[in-house]
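Biologist: I have a new model open and would like to learn how to read it feature by feature. Could we go through it together?

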Amino acid sequence: MFMHESKGLERNSIQLPTSNASRIVDLRQKEVINIVDGRRLGFVKDAEFSLESGRILSIVLPGPWSFFHLFGKETEMVIPWRDIRKIGEEIILVDIRENQV
């Protein structure tokens, strides 16, 4: 684990559009809903970001549960940042078409 001394350093955060959230942990408390069909996709599990720019590239949701999940690798749903339409206080609205799910 990389550790550094943060004493006296200002912390830069990722500013999300149209939202007061500035930390990844804030995203994890939001439910993701697809505006195409109204389906609840789940809660944010993780986020992928660019090390070069510090910008979020996508959000990651746990995949659908299945019996085989107990024995195999967990599947995840990765939603690119371009498909996020709105980040609200409690939910994230995404535009995911059938061929993307």
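Modeller: Gladly; let us begin with a hairpin. β1 and β2 form one with 5 residues between them, and G38 in the turn has a positive phi of about 75°. Strands here are DSSP runs (E, at least two residues) and helices are runs of H or I with at least four residues, numbered from the N terminus. Two strands count as paired if DSSP finds at least two bridges between them.

Biologist: Before we go on, what kind of model is this, and how are residues numbered?

Modeller: This is a predicted model, where local features need pLDDT of at least 70 and side-chain atom pairs count only at pLDDT 80 or more, while totals for chains, interfaces and linings use all residues. Residues are numbered from 1 along each chain as its sequence is written, and side-chain values use heavy atoms, with hydrogens and water left out.

Biologist: How many helices and strands does the protein chain have, and in what order do they run?

Modeller: The protein chain has 1 helix and 7 strands. From the N terminus on, the order is α-β-β-β-β-β-β-β.

Biologist: How do I read the sheet that holds the first hairpin?

Modeller: Look at strand order and pairing sense. This open sheet has 4 strands in the order β2-β1-β7-β6, and its pairing is mixed. β2 (40–43) and β6 stand at the edges with a single partner strand each, so one side of each has no neighbour in the sheet. Neighbouring strands are turned by 20° against each other on average, direction ignored; for such angles, axes are lines fitted to C-alpha atoms, for helices over the stretch in contact, and angles run from 0 to 180 degrees between N-to-C directions.

Biologist: Which residues can I use to find the strand register?

Modeller: Use facing residues. Strand β1 (residues 31–34) pairs with β2 in the antiparallel sense over 3 bridges, and E31 stands opposite F43 in β2. Strand β6 (residues 84–87) and strand β7 (residues 91–94) are also antiparallel, over 3 bridges, and K86 has L93 in β7 as its bridge partner. β6 and β7 form a hairpin with 3 residues between them.

Biologist: What is the order of the sheet with 3 strands?

Modeller: That open sheet runs β3-β4-β5, with antiparallel pairing. β3 (46–49) and β5 (76–80) are at its edges, each with a single partner strand, so one side of each is left without a neighbour there. The twist averages 25° from one strand to the next. Strand β4 (residues 56–62) is joined to β5 by 5 bridges, and L61 stands opposite M77 in β5.

Biologist: Now burial. Is N34 buried or exposed?

Modeller: Burial is judged by relative accessible area with a 1.4 Å probe, protein chains only: buried is under 20%, exposed is over 50%, and partly exposed lies in between. N34, in strand β1, counts as buried at 1% relative accessibility. Leaving aside residues up to four places away in sequence, N34 touches R39, L41, V94, D95 and I96; a contact means heavy atoms within 4.5 Å. Across the protein chain, buried residues make up 27% of the 101 residues.

Biologist: Which residues have the most contacts inside the largest nonpolar core?

Modeller: A nonpolar core is a set of buried Ala, Val, Leu, Ile, Met, Phe, Trp, Tyr and Cys residues joined through side-chain atoms within 4.5 Å. The largest one has 14 residues, and those with the most contacts inside it are L27, V32, V44, I59, I79, I92 and V94. β4, β6 and β7 each supply at least two residues, and β4 gives the most, with 3 residues.

Biologist: How many salt bridges are there?

Modeller: A salt bridge needs a side-chain nitrogen of Lys or Arg within 4 Å of a carboxyl oxygen of Asp or Glu. By this rule the count is 5. In one of them, R40 meets E31, with the closest N and O atoms 3.8 Å apart; R40 is exposed, at 64% relative accessible area, whereas E31 is buried, at 15%. Another joins E76 to K45, with the closest N and O atoms 2.9 Å apart. This pair links distant parts of the chain: E76 is in strand β5 and K45 in the loop between β2 and β3, 31 residues apart.

Biologist: And what joins R85 and D95?

Modeller: Their side chains meet in a salt bridge (3.7 Å, N to O). R85 lies in strand β6 and D95 in the segment after β7, so the pair ties together parts that are 10 residues apart in sequence. Salt bridges that share partners join R85, D95 and R97 into one network.
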